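User: I would like to go through one pocket and the helices of this model, one question at a time.
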Amino acid sequence: MSRRLHIGVVGEQDARPETRRWAEAVGREVARRGGVLVCGGLGGVMEAACRGAAEAGGLVVGILPGTRADDANPYVTIPVVTGLGEARNVIVVRSSDALVAVGGGYGTLSEIAYALKLGVPVVGLGTWELSRPGLEADPIVRAQDPAGAVALAWEMAQRARSTEQTRTGRE
């Protein structure tokens, strides 16, 4: 039996209403496809994505920065307590087959950077644009709407998983 795809959703805690609606729709679509939603487990974009996934019957993993499971938003199915503060962002990324960045502050930017460094595909919906000398193009794949963001993340996650399985000889 194959492991379900894990789609990470990241974004700011102080999200605008439109950004929260996008995140909720992203969460709903992850659940509709049978994926596991992975996030930081707190408020803002995280809570909205969790709400969308939970209301659609999905499984939600919240990687918490603190030391109490009770800190998770009410839509988290499985709280993972780390006590690592913002360093938990690496765990969110490592636990995801692909990442959808919805809006975002500096914490989101760090998650995007970790994902790109670690080879985890990133889809952006109203998020950061990256550039630097020598970088040919923004490495974040852009989506126009929540369903498109999840479709791209899903496809990229499947492709990455297939490549990893081929590389390691596992099925």
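Analyst: The questions below concern a predicted model.

User: Which element supplies the largest share of the lining of the second largest pocket?
Analyst: The second largest pocket has a volume of about 280 Å³ and is lined by 19 residues. β1 (6–10), α3 (88–94) and α4 (106–118) each supply at least two residues of this lining. The largest share, 4 residues, comes from α4.

User: Which lining residues lie nearest the centre of the second largest pocket?
Analyst: By class, the lining has 7 nonpolar, 8 polar and 4 charged residues. Of the 19 lining residues, those nearest the centre are Gln-13, Met-46, Arg-88, Asn-89 and Gly-107.

User: Why do the end C-alpha atoms of α4 agree with the expected span?
Analyst: α4 has 13 residues, and at 1.5 Å a residue these should span 18 Å. The expected span uses one less than the number of residues. The end C-alpha atoms of α4 agree because they are apart by 18 Å.

User: Where around α4 do its buried residues lie, and which residues are exposed on the other side?
Analyst: Under 20% relative accessible area counts as buried, and in α4 this holds for Thr-108, Glu-111, Ile-112 and Ala-115. They cover an arc of only 100° around the axis, so they lie on the same side of α4. What covers these buried residues includes β1, α3, β5 (98–102) and β6 (122–125). On the other side of α4, the exposed residues are Tyr-106 and Lys-117.

User: What span should helix α1 have, and which of its residues are buried?
Analyst: Helix α1 covers residues 17–32, and its 16 residues should span 22 Å at 1.5 Å a residue. The end C-alpha atoms of α1 are 22 Å apart, which agrees. The buried residues of α1 are Thr-19, Ala-23, Glu-24, Val-26, Gly-27, Glu-29, Val-30 and Ala-31.

User: What do the buried residues of α2 pack against?
Analyst: In helix α2 (residues 45–55), the buried residues are Val-45, Met-46, Ala-48, Ala-49, Cys-50, Gly-52 and Ala-53. Met-46 is also one of the residues nearest the centre of the second largest pocket. The buried residues of α2 pack against β1, α1, β2 (36–39), β3 (59–64), α3 and β5.

User: Which residue follows α1, which follows α2 and which follows α4?
Analyst: The residue after α1 has a positive phi near 90°, the one after α2 has a positive phi near 85°, and the one after α4 has a positive phi near 80°. In that order, they are Gly-34, Gly-57 and Gly-119.

Definitions and conventions. Residues numbered from 1 in each chain as written. Predicted model: local features only at pLDDT ≥ 70, side-chain atom pairs only at ≥ 80, totals over all residues. Heavy atoms only, no water. 1 Å grid on protein atoms, 1.4 Å probe; cavity = no way out; pocket = protein on both sides within 12 Å on 5 of 7 lines; lining within 4 Å. Points joined across faces, edges and corners; volume = space filled by probe spheres on them. Nonpolar A, V, L, I, M, F, W, Y, C, P; charged D, E, K, R; others polar. Buried < 20%, exposed > 50% of the residue type's maximum accessible area, 1.4 Å probe, protein only. Arc of directions from axis to C-beta. Contact = heavy atoms within 4.5 Å.
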